[in-house]
Amino acid sequence: MEQMDGLTVTACERCPELCESRSRIVSGVGPEDADLVFVGEAPGATEDERGEPFVGRSGDVLDDALRDAGLARADVRITNCVRCRPPDNRDPTDDELANCREYLERELDLLDPEVIVTLGKVPSEHLLERSVGVTNEAGTVTETRIAGAPRRVLVSVHPAATLYDPSQRETFAETIDTAADLAGVEDSGDGQARLGDF
Ligand code: SF4
């Protein structure tokens with residue numbers, strides 16, 4: 001695909017409004033063989049500025065939960081349904097989601113992860129192709145097909161939800177624990193990092 005270099009989208013002008021509002025394309029980050037991939041909705045202001053998904057406050061929440069589950073940010077892949085920041089942080093439109101889907105599908109194909117964690121309503125509905133109540137469904141796993149391949153999707157609340165609703169913190173932490181288990185991260189039983197040298 002000429003717009004991609006490996007998993008990085010290098011040039012794309014499919015979404016006219018997003019081309020206006022973005023300052024850069026924000027591709028996924030993390031190992032290209034990660035067992036665990038997190039999928040968010042779209043870059044926000046900080047992500048657009050820094051060129052990386054889930055940085056800023058939501059990123060801190062995610063990083064903390066990963067650490068508590070014995071993982072480091074560097075161990076996992078983090079990406080978005082759309083790679084360019086929508087104006088005024090609005091939700092991406094159906095057309096924009098469809099435009100960017102090819103890149104996400106290619107990313108998932110190349111990663112072939114053990115589990116895909118959808119962070120919030122938009123990515124959950126986009127990948128499960130149905131309406132999703134994330135608060136009720138958080139922590140549930142669905143076996144589905146994405147671009148023809150069998151995939152395991154774990155629904156999660158958005159990390160930012162824990163900032164304005166503290167009751168979501170436990171739900172989020174438990175979901176990340178489940179993600180680590182599904183990805184085959186072994187529990188050392190001492191509450192310490194579970195990936196060897198971490
Ligand atoms: S959001 Fe995706 S499809 Fe739309 S312009 Fe950006 S990279 Fe292209």
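Strand β5 is covered on both of its faces in this predicted model. V115, V117 and L119 are buried on one side, and I116 and T118 are buried on the other. In a regular strand the side chains alternate between the two faces of the sheet. The strand spans residues 115-119, and 5 of its 5 residues are buried, so β5 is largely enclosed by the rest of the structure.

Two other strands pair with β5. Strand β3 (residues 36-40) runs parallel to β5 and is joined to it by 4 bridges. Strand β7 (residues 149-156) is also joined to β5 by 4 bridges, and these two strands run parallel. The table lists the pairings, with one residue pair for each.

| Strand paired with β5 | Bridges and direction | A residue pair |
|---|---|---|
| β3 (residues 36-40) | 4 bridges, parallel | V37 of β3 with I116 of β5 |
| β7 (residues 149-156) | 4 bridges, parallel | T118 of β5 with V155 of β7 |

Helix α5 covers residues 121-128. How many of its 8 residues are buried? The count is 6, and the helix is mostly covered. The buried residues of α5 are K121, V122, P123, S124, H126 and L127. The elements that cover them include strands β3, β5, β6 (141-146) and β7, together with helices α4 and α6 (134-137). Just after α5, E129 takes a positive phi of about 55 degrees.

A ligand is also present, with 14 residues around it. Which of them come nearest to the ligand? They are C12, C15, C84, N99 and C100. Two elements give two or more residues to this shell, namely α1 (16-21) and α4 (94-111). The largest share comes from α4, with 3 residues. By type, the shell divides into 9 nonpolar residues, 1 polar residue and 4 charged residues.

The last part concerns the protein as a whole. The protein has 8 helices and 7 strands. Its radius of gyration is 16 Å, close to the 16 Å that the globule rule gives for 198 residues, so the protein is as compact as a globular protein of that length. Along the principal axes, the C-alpha atoms fill a box of roughly 50 × 35 × 30 Å. Of the 198 residues, 44% are buried. Among contacts between residues at least 6 apart in sequence, 69% join residues at least 24 apart.

How values were computed:
Residues are numbered from 1 along each chain as its sequence is written. This is a predicted model: local features need pLDDT of at least 70, side-chain atom pairs count only at pLDDT 80 or more; totals for chains, interfaces and linings use all residues. A residue is buried if 20 or more other C-beta atoms lie within 10 Å of its own, exposed if 12 or fewer, and partly exposed in between; C-beta atoms are placed from the backbone. Two strands pair if DSSP finds at least two bridges between them. A residue is near a molecule or strand if its C-beta atom, placed from the backbone, lies within 6 Å of it. Ala, Val, Leu, Ile, Met, Phe, Trp, Tyr, Cys and Pro count as nonpolar, Asp, Glu, Lys and Arg as charged, and the others, Gly among them, as polar. Two residues are in contact if their C-beta atoms, placed from the backbone, lie within 7 Å. The radius of gyration is taken over C-alpha atoms; the globule rule is 2.2 Å times the number of residues to the power 0.38.
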